[in-house]
Amino acid sequence: MPERFAGKQRPIKTLERVLSKAGLGSRTQARQWIGTGRVRVNGKLIQTPDHWVDLERDRVTLDGKPVRAQEPVYLLLYKPKGYITSHGDPEGRPTVYDLIGDLGVWVTPVGRLDQDTSGLLILTNDTQFGNRVMDPEFKVPKTYLVKCSTVLSDEQLESLRNGVELRDGPTRPAIVKRLRDSGKYTHVEITITEGRNRQVRRMTAAVGLPTLRLVRVAIGAHRLDGLAPGHWRECGGAA
């Protein structure tokens with residue numbers, strides 16, 4: 001935990017977090033660099049990832065070069081179905097990093113989209129921003145287009161609006177709009193302010209309507225707005 005000096009809280013972090021927050025790589029990569037002797041603190045070789053660093057006093061180098069915070073980068077990516085929201089996959093499945101290429105700076109996804117879900121994903125090196133977007137206390141809205149496996153009744157729609165009981169507790173009320181009924185399917189727009197694992201799919205299943213297709217179209221003020229699947233663009237920051 002950060003220590004206090006003369007009433008002031010110093011920015012103290014573990015060495016692996018210093019490297020990852022500088023936008024140089026993931027925490028897994030940072031641990032590897034530290035373990036192989038590529039990192040020094042105040043000129044001293046440190047091979048302990050949990051070594052505490054005082055950002056106001058200590059000088060950290062990687063391969064002899066000073067570690068400095070990178071300029072914040074924010075990307076909006078339209079993740080296609082079938083891609084994994086991670087850096088690597090032991091099964092060899094494609095990941096979102098295959099889509100963005102080498103940016104020259106390390107970015108991480110803000111939250112996740114499961115393999116079968118497509119849509120908007122934010123990637124950034126601004127971990128404070130990412131934590132704020134994902135923290136339920138900030139209630140950042142996330143909007144999805146949903147194709148349900150059958151026609152949605154008014155009662156089921158009201159259940160989604162009021163919140164449904166899931167295995168990990170009741171959901172918050174959601175904004176739910178019926179877009180259209182097409183034959184035996186209903187298309188709806190659902191906006192939630194939480195970020196539980198597979199939450200929208202679990203919500204529709206809880207009212208008896210498994211999801212056939214799910215696309216996230218907005219996170220806060222950021223929207224897909226013409227992005228094609230597999231493409232990305234930079235954006236200006238806070239949601």
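Four strands make up an open sheet here, running in the order β5-β4-β7-β8 with antiparallel pairing. Keep in mind that this is a predicted model. Besides the sheet, there are two pockets to look at, with volumes of about 560 Å³ for the largest and about 470 Å³ for the second largest, plus a buried threonine, Thr124.

**The open sheet**

- The edges belong to β5 (44-45) and β8 (65-66); each has a single partner strand, so one side of each has no neighbour in the sheet.
- At the β8 end, the partner is strand β7 (residues 60-62), and the two pair in the antiparallel sense over two bridges.
- To find one of the bridge partners, start at Thr61 and look across to Pro66 in β8.

**The largest pocket**

- This pocket comes out at about 560 Å³, and 25 residues line it, with Arg27, Trp106, Thr108, Pro109 and Thr127 the closest to its centre.
- Four elements each put at least two residues into the lining: α1 (15-21), α2 (27-35), β10 (108-109) and α4 (127-134).
- Of the elements, α4 has the largest share of that lining, at four residues.
- Sorted by class, the lining of the largest pocket has 14 polar residues, six nonpolar and five charged.

**The second largest pocket**

- Here the volume is about 470 Å³, and the lining runs to 20 residues; Lys13, Lys21, Ala22, Leu55 and Ala69 sit closest to the centre.
- The elements giving two or more residues to this lining are α1 and α4, and both also supply at least two residues to the lining of the largest pocket.
- The class breakdown for the second largest pocket is nine nonpolar, six charged and five polar.

**Thr124 and its surroundings**

- Thr124 belongs to strand β11 (residues 118-124).
- With a relative accessibility of 2%, Thr124 counts as buried, because the cut-off for that is under 20%.
- A polar atom of the Thr124 side chain lies 2.6 Å from the backbone oxygen of Val73.
- Setting aside neighbours within four places in sequence, Thr124 is in contact with Val73, Tyr74, Val107, Thr108, Val110 and Phe129.
- One of those contacts, Thr108, turns up again among the residues closest to the centre of the largest pocket.

How values were computed
Residues are numbered from 1 along each chain as its sequence is written. This is a predicted model: local features need pLDDT of at least 70, side-chain atom pairs count only at pLDDT 80 or more; totals for chains, interfaces and linings use all residues. Side-chain values use heavy atoms; hydrogens and water are left out. On a 1 Å grid over the protein atoms alone, a cavity is a set of points where a 1.4 Å probe fits but cannot get out, and a pocket is an open set with protein on both sides within 12 Å along at least five of seven lines; lining residues have an atom within 4 Å of a point. Grid points are joined across faces, edges and corners, and a volume is the space filled by probe spheres set on the points. Ala, Val, Leu, Ile, Met, Phe, Trp, Tyr, Cys and Pro count as nonpolar, Asp, Glu, Lys and Arg as charged, and the others, Gly among them, as polar. Buried means under 20% relative accessible area, exposed over 50%, partly exposed in between (1.4 Å probe, protein chains only). A polar contact is a pair of N or O atoms within 3.5 Å; within protein, one must be able to donate a hydrogen and the other to accept it, and residues adjacent in sequence count only if both atoms are side-chain atoms. Contact means heavy atoms within 4.5 Å. Two strands pair if DSSP finds at least two bridges between them.
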